[in-house]
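Here are my notes on the model, set out as numbered points. Please read them with the coordinates open.

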Amino acid sequence: MIGEQPQPALAVLVESVAGPLLMAHPAPVCLEMEVDTNLRSAVDSPSLTTLIESLVRQSLDEMPKGGDLTITACDTGSHLELEIADSGSDVSERACSLPMVAAAMGVEISWQNCPQGGAAATIKLPGSQQALRRAA
């Protein structure tokens, strides 16, 4: 649409949000990120930034002595999936709170235990192709 700014690459957005949070965390956290630089979401950047920040903070709260944070994303064809996984406690031992911004955005978030320990939050986001179809 005329006058609209293109959405930033999801990888850039995730890294710009997670990086400062990791540097401010009092314990060492190893970040592994697999997000294709071509992926873009139709969700507006400020809302998506707030959502990612909230979920990364939840993960870091689960790892006060440090650990591993893995952020991955893929395009399923019908939507984008962004997963934030950590090596903290499993789902049954934590408060998996739905950030208010997620409800406002209408995105789905599901939590599951990771096979190696810890938990993951998977966010279903509309992809940029879905936005183009809605606009047409």
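**Notes on the fold**

1. Alanine 11 is a convenient place to start: leaving out residues up to four places away in sequence, alanine 11 touches Met33, Val35, Asp36 and Thr37. The model is a predicted one. Alanine 11 belongs to helix H1, residues 10–24, and counts as buried because its relative accessibility is 6%, where the limit is under 20%. Its C-alpha atom is 6.4 Å from that of aspartate 36, although the two residues are 25 apart along the chain.

2. On overall composition, the protein chain has 4 helices and 5 strands. Read from the N terminus, the order of elements is α-β-α-β-β-α-β-β-α. Of its 136 residues, 40% count as buried. Among contacts in the chain with a separation of 6 or more, 72% are between residues 24 or more positions apart.

3. The 5 strands make an open sheet with mixed pairing, in the order E1-E2-E3-E5-E4. Strands E1 (29–34) and E4 are the edges; each has a single partner strand, so one side of each lacks a neighbour in the sheet. On average, neighbouring strands of this sheet are turned by 15° against each other, with direction ignored.

4. Both senses of pairing can be checked at the two ends of the strand order. E1 pairs with strand E2 (residues 67–75) in the parallel sense, over 6 bridges. Valine 29 has glycine 67 in E2 as its bridge partner. Strand E4 (residues 108–113) pairs with strand E5 (residues 119–125) in the antiparallel sense, also over 6 bridges. Here tryptophan 111 has alanine 121 in E5 as its bridge partner.

5. What joins E4 to E5? The two strands form a hairpin with 5 residues between them. In that turn, glycine 117 has a positive phi of about 110°.

6. Two helices should be viewed against the sheet. H1 lies across E1, E2 and strand E3 (80–86), and runs at about 180° to E1. Helix H2 (residues 45–61) lies across E1, E2, E3, E4 and E5, and its direction is at about 25° to E3.

7. The largest nonpolar core comprises 33 residues. Those with the most contacts inside it are Leu10, Leu48, Leu51, Ile71, Leu82, Ile123 and Leu125. At least two residues of this core come from each of H1, H2, E2, E3, helix H3 (100–105) and E5. The element that gives the most is H1, with 8 residues.

8. Isoleucine 123 deserves a separate look. Setting aside neighbours within four places in sequence, isoleucine 123 is in contact with Leu51, Leu55, Leu80, Glu81, Leu82, Ile84, Val107, Glu108 and Ile109. Leu51 and Leu82, both in this list, are also among the residues with the most contacts inside the core.

9. Serine 41 sits in the loop between E1 and H2. Is serine 41 buried or exposed? Its relative accessible area is 4%, so serine 41 is buried. The side chain of serine 41 reaches the backbone nitrogen of valine 43 at 3.1 Å. A polar atom of the same side chain lies 3.1 Å from the backbone oxygen of proline 126.

10. Histidine 79 lies in the loop between E2 and E3. With a relative accessible area of 16%, histidine 79 is under the 20% limit and therefore buried. Its side chain makes a polar contact of 2.9 Å with the side chain of serine 78. Another polar contact, of 3.2 Å, joins the side chains of histidine 79 and glutamate 81. Glutamate 81 also appears in the contact list of isoleucine 123.

11. Finally, the cysteines. How many disulfides does a search of the whole structure find? The search returns 0. Cysteine 114 is buried, at a relative accessible area of 12%. Cysteine 74, at 37%, is partly exposed.

Terms used:
Residues are numbered from 1 along each chain as its sequence is written. This is a predicted model: local features need pLDDT of at least 70, side-chain atom pairs count only at pLDDT 80 or more; totals for chains, interfaces and linings use all residues. Side-chain values use heavy atoms; hydrogens and water are left out. Two strands pair if DSSP finds at least two bridges between them. A disulfide is a pair of cysteine sulfur atoms within 2.5 Å. Buried means under 20% relative accessible area, exposed over 50%, partly exposed in between (1.4 Å probe, protein chains only). Contact means heavy atoms within 4.5 Å. Axes are lines fitted to C-alpha atoms, for helices over the stretch in contact, and angles run from 0 to 180 degrees between N-to-C directions. A polar contact is a pair of N or O atoms within 3.5 Å; within protein, one must be able to donate a hydrogen and the other to accept it, and residues adjacent in sequence count only if both atoms are side-chain atoms. A nonpolar core is a set of buried Ala, Val, Leu, Ile, Met, Phe, Trp, Tyr and Cys residues joined through side-chain atoms within 4.5 Å.
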